[in-house]
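Got your viewer open? Let's take a short walk through this molecule, one selection at a time.

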Amino acid sequence: MQHKSITAKLLLTLIALGLLIWLGGSIIRTAIAYDLYVPGTALKLKNWYSDQERIHAVRMFGMGAMYTDIAYGTALASSILLCIYWRKNLKKRGWLFMSFVLMFLAAPVELYMIYLDIKLNLGLFWTNIANFDTPVIKDYFTYRFTKLAIPSTMSYLAVITSILFIIWRPLDLKEASEAESLKPDFNVKKN
């Protein structure tokens with residue numbers, strides 16, 4: 001593999017930084033969003049928050065989207081370029097192949113979430129929303145926690161598993177000489 005090239009180092013750096021910002025930002029944004037709801041219930045809003053406090057939390061959630069969405073987009077684009085750059089090594093490096101597969105399987109869900117973030121931000125920052133029960137918040141904020149909770153969690157876990165494949169490197173095809181030395185010899189004659 002061409003680990004030493006400037007192109008590979010640059011793309012790996014962009015992937016690492018993008019995923020770090022995306023993972024951390026996603027956790028923070030989720031904590032902000034779930035703070036609006038009573039723990040352990042089926043998304044029942046806390047009744048002691050005013051509409052202004054709820055809208056403020058949604059605005060904070062929306063502002064964080066810019067950072068996480070750009071970071072994920074950068075990581076995804078760099079992954080595509082790196083997959084093209086390392087395409088000849090995918091047969092020998094199972095961990096690399098599976099890492100790319102998991103990253104690309106998570107991409108449609110994450111791209112749809114980015115679409116919802118863009119629509120939410122356009123609705124929040126281009127109109128003056130004063131009530132939490134507006135269609136913009138129901139369609140783009142509440143929808144992601146009611147209908148997209150499982151796909152979002154699965155894509156999040158797929159990206160984390162992709163990162164773990166890169167770190168631990170399982171499924172690596174050993175070199176021919178090393179593989180031959182580890183093979184048992186059944187042709188030994190006994191006296």
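Which residues in the largest nonpolar core touch the most other members? Select L19, W22, Y72 and M103: those are the ones, out of 26 residues in that core. Keep in mind as you click around that this is a predicted model.

Now colour the elements behind this core. Helix 1, helix 2, helix 3 and helix 5 each give two or more residues to it. Helix 3 supplies the largest share, with eight residues.

Next, zoom in on L19 and show what is around it. Leaving out residues up to four places away in sequence, L19 touches A75, M103, V159 and I163. You've already met M103, another of the residues that touch the most other core members.

Ready for another core? Select A33, I55, M113 and L120. They are among the 19 residues of a second, separate core.

Keep M113 selected, and add S26, T30, R144 and S152. You're now looking at the residues that lie nearest the centre of the largest pocket, which is lined by 21 residues. Five helices give two or more residues each to that lining: helix 1 (6–34), helix 2 (51–85), helix 3 (94–126), helix 4 (135–146) and helix 5 (149–168). Helix 1 gives the most, with six residues.

Turn on a surface if you like: the volume of the largest pocket is about 390 Å³. Last stop: colour its lining by residue class. You should find 11 nonpolar residues, five polar ones and five charged ones.

Conventions: Residues numbered from 1 in each chain as written. Predicted model: local features only at pLDDT ≥ 70, side-chain atom pairs only at ≥ 80, totals over all residues. Heavy atoms only, no water. 1 Å grid on protein atoms, 1.4 Å probe; cavity = no way out; pocket = protein on both sides within 12 Å on 5 of 7 lines; lining within 4 Å. Points joined across faces, edges and corners; volume = space filled by probe spheres on them. Helix = DSSP H or I, 4+ residues; strand = E, 2+ residues; numbered from the N terminus. Nonpolar A, V, L, I, M, F, W, Y, C, P; charged D, E, K, R; others polar. Core = buried A, V, L, I, M, F, W, Y, C linked by side-chain atoms within 4.5 Å. Buried < 20%, exposed > 50% of the residue type's maximum accessible area, 1.4 Å probe, protein only. Contact = heavy atoms within 4.5 Å.
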